[in-house]
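Welcome! Let us take a walk through this structure together, looking at its open spaces and at the way its helices pack.

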Amino acid sequence: MTGTTPQQDRDQPHDLVGIGIGPFNLSLAALAHGIPGGIAATFYEQKPAFQWHPGLLIEGATLQVPFLADLVTLADPASPWSFLSYLKSRERLFPFYFAEKFHIHRAEYDAYCRWVSERLPGLNFGHQVDSVRWNPERRLFEVDFTQLDTDGEAEALGRAYTRNVVLGVGTEPYVPEPLKPLADAPGVPVFHSADYLAHRDTLLAAGHVTVIGSGQSGAEIFLDLLRARPAGAEKIHWLARTEAFAPMEYSKLGLEHFTPDYTRYFHALPEPVRAELVPRQWQLHKGIDTDTIAAIHDELYRRTLHGGWPDAVLTPGVRVRTAGRVATTQVELHLEHLQQGTRSRLTTDAVVLATGYRERPVDRMLAGLGPYLRHDSAGRARVDQHYRLVLDPSVTGAVHVQNAEKHTHGVGAPDLGLAAWRSATILNSVTGKEPYPLPRRTAFTTFGLETREAPSIPAQDRKLTPLVQQ
C-alpha cells in the first residue's frame, strides 16, 4: 500500500501508535498526554466517534466498578482527565457530592468518556487500520490505515511509522453456533444484547420474548422487559447455561482478584494452571450485581400481591442445542437441561442473546508480524508481564495489548478498574522511565507462597531434636 501520510510523519516517527479508541486506549491516551515533556502518540479508530456499548445504556443501569475506576485516577489522581474533573467542567460536583453515589450510571460513564475523547489531542476517528508490519531496515513498525468519510467509505490511504504499537481493538459480540444462522438472517427477531436498545420497541411488541444468558446484561434486559410488560401477561423466559442465576463475587477480599498483585501472581503461574483456572472464576466477572438480583425479585414479588404468579419463567442449567424458524414468524429453541439430562422445545417470538463477548480477532491486521510472533502451546499469543506480545528478538520495538490477555493476565483483563494501572505500566515500559510510579503492593491477600531458598546448613552442623512423648 502506498502511503499518503505527510513527509514529516515519515521523518519523525511516533513513539506510540494506538489502534482502537475504547476506554482502555482512551485511558492510555489521557495518561500519555500527562507525561512531562510529552511523547509522540497518535490513536486510530474506525468509528466516527467514541461509543461505549450504546445498546446497553439502559435507563438506571450502573457500572459494576466505583467511579474511581475512571480513565486515569488510579494511576494519576491529579489528572485533568478524571471523572471528577469532568463533573467540575459540567458544574455538577456538588450534586454528585450530595448524591453519595459510589457506582455511577453507565450512561454517565459513556458521557464522561466522550467528553475526554472530544478534547484530547492525538485521536483520529474515522481511520481504519488495515495492517501492521515490522520494517527491519528502518527498525520501525509500519501502520497502514484507510481514512473514512462520513458514510464510512474509503477516502484516503495513509501510513504511520512508530516505535511501539498498542492494540486496543476491544471485543465483539459472541453468538453461539446454534443461533448464528438465525441471528445473521435478515428480519429474524434474534438480537445480541449489544443491540438491545435499538430493538427494544420490537421486543416489547413481541408476544413472547426469551432472554438467554445469566450475566449482568441478561439480568438488566430481563428486568427492563419485565417492568415494561403488563402484569399477568409478561410472557418472558430467561434461560442460562450456568447452574444458577448467581451473584457476582463482590466481597472485599474477593475483589482483590482485580488488583495488580493478583495479575502478577496469575501471570507467573504455569500455562496449564492458568488455562484451567480462568473458567472456574466465572463468578468473579460474569455473575449478577446483587442489587439487580434484588430488583428482579422485588418486581416478580410485586406482581403476586393480588394473587397468581407472573407469566415469567427463569430456568438456569439449560443449553440451546439447535434453533430454527416456525411458520416464518416464530423461533423454536431446542433445549437440554444439563443436570436432568432432559430435552424440550420452546416456541418464542423474539430472542435476546446476552451471551457475552469474545476478543476481536486481529490475525489479519497482524499478518505482517506473523513470522515474528511467539505463541503458547494452545496457539495463543504470548504476552509478557508488561503487556507486550513476545516477538522475535530481532524486533526492537514492542506491540502491547489491552484486553486481549486474559489467558496470560487473568480475569482482570477486561475490568475497568485496572485500566489506568495497565496504561501506566505500558507507558512506563514505552518510555523506559517511570512517569507513573506504581505501588509495590495493592492487596491484603498474598496469593501464593513466597519462594525463598532455605539457607544451606552444613551436614555436620545439623542436629535433630528428639521427640518426647508428653
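**A pocket and the helices around it**

In this predicted model, 30 residues line the second largest pocket, and those nearest its centre are Gly-60, Ala-61, Thr-62, Asp-289 and Asp-291. The volume of this second largest pocket is about 700 Å³. If you sort its lining residues by class, you find 13 nonpolar, eight polar and nine charged.

Which helices help to build this lining with at least two residues each? They are helix 4 (93-99), helix 8 (216-228) and helix 12 (290-302). Helix 8 gives the largest share of the lining, with five residues.

Two of those contributors, helix 8 and helix 12, also pack against each other, so let us follow them next. A pair like this can be summed up quite simply: two packed helices are described by the angle between their axes and by the distance between the axes. For helix 8 and helix 12, the angle is about 25° and the axes are 10 Å apart. Angles under 35 degrees count as roughly parallel, and helix 8 and helix 12 are therefore roughly parallel to each other. Their crossing is left-handed. On the helix 8 side, the contact is made by Gln-216, Ala-219, Glu-220, Phe-222, Leu-223, Leu-226 and Arg-227, while helix 12 brings Thr-292, Ala-295, Ile-296, Glu-299 and Leu-300. Taken by class, this contact of helix 8 with helix 12 holds seven nonpolar, two polar and three charged residues.

Now turn to another kind of space. Rolling a probe the size of a water molecule over the atoms shows where empty space is left. How many cavities of 30 Å³ or more does the count give? It comes to one cavity. The largest cavity has a volume of about 40 Å³. Around the largest cavity you can find Thr-263, Tyr-387, Glu-405, His-409, Gly-412, Ala-413, Leu-418 and Arg-422. Its lining is made up of three nonpolar, three polar and two charged residues.

One of those lining residues, Arg-422, leads us on to another helix pair, since Arg-422 of helix 14 is also among the residues in contact with helix 2. The axes of helix 2 (residues 23-33) and helix 14 (residues 419-431) come within 9 Å and cross at roughly 55°. Helix 2 and helix 14 are therefore oblique to each other, and the crossing is right-handed. From helix 2, the residues in contact are Phe-24, Ser-27, Leu-28, Leu-31 and Ala-32; from helix 14, they are Ala-419, Ala-420, Arg-422, Ser-423, Ala-424, Ile-426 and Leu-427. By class, nine residues of this contact between helix 2 and helix 14 are nonpolar, two are polar and one is charged.

Thr-263, which also lines the largest cavity, points to our last stop, helix 9 (residues 260-267). Helix 9 packs with helix 10 (residues 271-280) at an angle of about 135°, and their axes are 10 Å apart. That angle makes helix 9 oblique to helix 10. Here Tyr-262, Phe-266 and His-267 of helix 9 meet Arg-274, Leu-277 and Val-278 of helix 10. The residues of this contact divide into four nonpolar, one polar and one charged.

Technical notes
Residues are numbered from 1 along each chain as its sequence is written. This is a predicted model: local features need pLDDT of at least 70, side-chain atom pairs count only at pLDDT 80 or more; totals for chains, interfaces and linings use all residues. Side-chain values use heavy atoms; hydrogens and water are left out. On a 1 Å grid over the protein atoms alone, a cavity is a set of points where a 1.4 Å probe fits but cannot get out, and a pocket is an open set with protein on both sides within 12 Å along at least five of seven lines; lining residues have an atom within 4 Å of a point. Grid points are joined across faces, edges and corners, and a volume is the space filled by probe spheres set on the points. Helices (H or I, at least four residues) and strands (E, at least two) are DSSP runs, numbered from the N terminus. Ala, Val, Leu, Ile, Met, Phe, Trp, Tyr, Cys and Pro count as nonpolar, Asp, Glu, Lys and Arg as charged, and the others, Gly among them, as polar. Axes are lines fitted to C-alpha atoms, for helices over the stretch in contact, and angles run from 0 to 180 degrees between N-to-C directions. Angles under 35 degrees count as roughly parallel, over 145 as roughly antiparallel, 65 to 115 as roughly perpendicular and the rest as oblique. A crossing is left-handed if the near helix is turned anticlockwise from the far one by less than a right angle, and right-handed if clockwise. Contact means heavy atoms within 4.5 Å.
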